[in-house]
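Colleague: Could you take a close look at one part of this model for me, and set that part against the fold as a whole?

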Amino acid sequence: MILQRIFAVSLLAVCAALAVMAWPYQAPFSYEPVGPRAFPLLILGLMGLALVFLAIRPTPVARDDDEPELDRATLTKVIACFALLLVFAATFEPLGFILSSILIGVPMARLYGGRWLPGAIVVVAMSVLLYWLFDRVMDVPLPLGPLAALEN
């Protein structure tokens, strides 16, 4: 119980520091009506409220029987997932959204028990569909990387 409270208070301090860093941010241009700082501040605010609740609540969170054990296999999956997200962040600009999504999506599907062919088909379809949704429907520009030559 005390470790959970220490973790919540520590993470609350990190959220507060990030909010202080995000507050003065002003972009030279904005394609959103509320500006680019609203999203991180909203997420940090919601996360802060949840952490305050975790720090002051009266009962501890106990592990249920249906939750997986925190064993070597689970930790390996968590570390692999984290590594794949780092690869996504590193390749997002140079490879573009679609290729970087495919690059991490197929191993992520395999990591959680998907088969190769259905996983690859779903990942490719979702990558293209999400690019189209962000670019055309929501008007949020995403990088295309080497696929930029295919655009109109």
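**A salt bridge and a nonpolar patch**

Modeller: R136 has a relative accessible area of 49% and is therefore partly exposed, a class lying between buried (under 20% relative accessible area) and exposed (over 50%), with a 1.4 Å probe and protein chains only. The model is predicted, so local features need pLDDT of at least 70 and side-chain atom pairs count only at pLDDT 80 or more, whereas totals for chains, interfaces and linings use all residues. Residues are numbered from 1 along each chain as its sequence is written, and side-chain values use heavy atoms, with hydrogens and water left out.

R136 pairs with D135 in a salt bridge whose closest N and O atoms are 3.1 Å apart; the term requires a side-chain nitrogen of Lys or Arg within 4 Å of a carboxyl oxygen of Asp or Glu. The structure holds one such bridge. D135 counts as buried because its relative accessibility is 15%.

L133 belongs to helix α4, residues 116-137, where helices are DSSP runs of H or I with at least four residues, numbered from the N terminus. L133 is partly exposed because its relative accessibility is 33%, and it joins V122, M126, L129, L130, W132, V137 and M138 in a nonpolar surface patch with about 720 Å² of accessible area together. Patches take residues with over 30% relative accessible area and no salt bridge, nonpolar side chains (Val, Leu, Ile, Met, Phe, Trp, Tyr) being joined within 5 Å.

As for the whole, the protein has four helices and zero strands, and buried residues make up 20% of its 152 residues.

Definitions and conventions: Patch = residues over 30% accessible without salt bridge, like charges linked within 9 Å, V, L, I, M, F, W, Y side chains within 5 Å. Areas by Shrake-Rupley, 256 points an atom, 1.4 Å probe, with all protein chains shown as cover. Helix = DSSP H or I, 4+ residues; strand = E, 2+ residues; numbered from the N terminus.
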